[in-house]
Amino acid sequence: MTSPSEPSLLLRRDNLTRIARGGGVSSIPYVGKWNSMISSVTTGITRIPPGQGIPLHTHNVEETVLVLAGNAIVTIEGSEMAATAGDATWVPAQVPHRFVNAGDELLEIYWVYAGLNVTRTICATGVTSDHLA
């Protein structure tokens, strides 16, 4: 039996892939080598400029979101609520949700998905894609 090569124990934001989402929104997935080999979670940060947001969408797995910085309007299954730094929410699989930057500064949210093969379906179009695409 061979052991896997030694993965990095520290993931630095500047060394990770940034995924452009349009409108200045970008995501930085924190999927380390160990995580992709043996864990069942996907984590990362999404940055949303003032006035921008993530479209209403669903995922195939549950999601937990922590607001790291800024002010958000969070919509989950039709209910809107304000969230600020330190607030967290949980979204069950297949439940429509979105995050909009409601402030004047960058909104940063940290997300954790209960799975490695996460998909995202945009509610307006019905198009499903890999979340990290």
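Is R47 buried, partly exposed or exposed? In this predicted model, R47 is partly exposed, with a relative accessible area of 21%, and the legends below take up its salt bridge after an overview of the chain.

**Figure 1. Overview of the protein chain, a predicted model with one helix and twelve strands.** Followed along the sequence, the elements come in the order β-β-α-β-β-β-β-β-β-β-β-β-β. Of the 133 residues in the protein chain, 36% are buried, and the accessible surface comes to about 7400 Å², with 54% of it belonging to carbon and sulfur atoms. When contacts between residues at least 6 apart in sequence are considered, 63% of them join residues at least 24 apart.

**Figure 2. Close-up of the largest nonpolar core, which has 18 residues.** The residues with the most contacts inside this core are I48, I54, V74, F99, L107 and I109. Two or more residues come from each of the elements β5 (63–69), β6 (71–76) and β10 (107–113), and β10 gives the most, with four residues. In soluble globular proteins, nonpolar side chains tend to be buried together. Around I48, and not counting residues up to four places away in sequence, the residues touched are V25, G53, I54, F99, N101, L106 and L107.

**Figure 3. Close-up of the salt bridge between E108 and R47.** The count of salt bridges comes to one, and in this pair the side chains of E108 and R47 meet at 2.7 Å, N to O. Because E108 lies in strand β10 and R47 in strand β3 (residues 42–48), the pair ties together parts that are 61 residues apart in sequence. The two partners fall into separate classes of accessibility: E108 counts as buried at 12% relative accessibility, whereas R47, at 21%, is partly exposed. The cut-off for a buried residue is under 20% relative accessible area, so the value of 21% places R47 outside the buried class.

**Figure 4. Close-up of the aromatic pair formed by W111 and Y113.** The structure holds one aromatic pair, in which the rings of W111 and Y113 are tilted, with 5.1 Å from centre to centre and 50° between the planes. W111 is buried, with a relative accessible area of 2%, and Y113 likewise counts as buried, at 2% relative accessibility.

**Figure 5. Close-up of strand β6 and its antiparallel partners, β7 and β9.** Strand β6 pairs with strand β7 (residues 79–84) in the antiparallel sense over six bridges, and within this pairing the bridge partner of I73 is A82 in β7. With strand β9 (residues 97–101), β6 is joined by five bridges, and these strands also run antiparallel; here I76 stands opposite H97 in β9. The faces of β9 can be told apart by their cover, since H97, F99 and N101 make up the covered face, while R98 and V100 make up the uncovered one.

**Figure 6. Close-up of T75, a residue of strand β6.** At 13% relative accessibility, T75 counts as buried. Leaving aside neighbours within four places in sequence, T75 is in contact with E80, P96, H97 and R98. For one of these contacts, that with P96, the C-alpha atoms of T75 and P96 are separated by 8.0 Å, although the two residues are 21 residues apart along the chain.

**Figure 7. Close-up of two loop residues with positive phi, E77 and Q94.** E77 lies in the loop between β6 and β7, a hairpin with two residues between the strands, and has a positive phi of about 50° although it is not a glycine. With a relative accessible area of 60%, E77 is exposed. Q94 is placed in the loop between β8 (88–91) and β9, and its phi is near 70°, again a positive value in a residue other than glycine. Q94 is exposed as well, with a relative accessible area of 52%. The cut-off for an exposed residue is over 50% relative accessible area, so Q94 at 52% belongs to the exposed class.

Notes. Residues are numbered from 1 along each chain as its sequence is written. This is a predicted model: local features need pLDDT of at least 70, side-chain atom pairs count only at pLDDT 80 or more; totals for chains, interfaces and linings use all residues. Side-chain values use heavy atoms; hydrogens and water are left out. A nonpolar core is a set of buried Ala, Val, Leu, Ile, Met, Phe, Trp, Tyr and Cys residues joined through side-chain atoms within 4.5 Å. Buried means under 20% relative accessible area, exposed over 50%, partly exposed in between (1.4 Å probe, protein chains only). Contact means heavy atoms within 4.5 Å. Accessible areas come from the Shrake-Rupley method with a 1.4 Å probe; for residues, only the protein chains shown count as cover. Rings of Phe, Tyr and Trp (its six-membered ring) pair if their centres lie within 6.5 Å; planes under 30 degrees apart count as stacked, over 60 as edge-to-face and the rest as tilted. Two strands pair if DSSP finds at least two bridges between them. A salt bridge is a side-chain nitrogen of Lys or Arg within 4 Å of a carboxyl oxygen of Asp or Glu.
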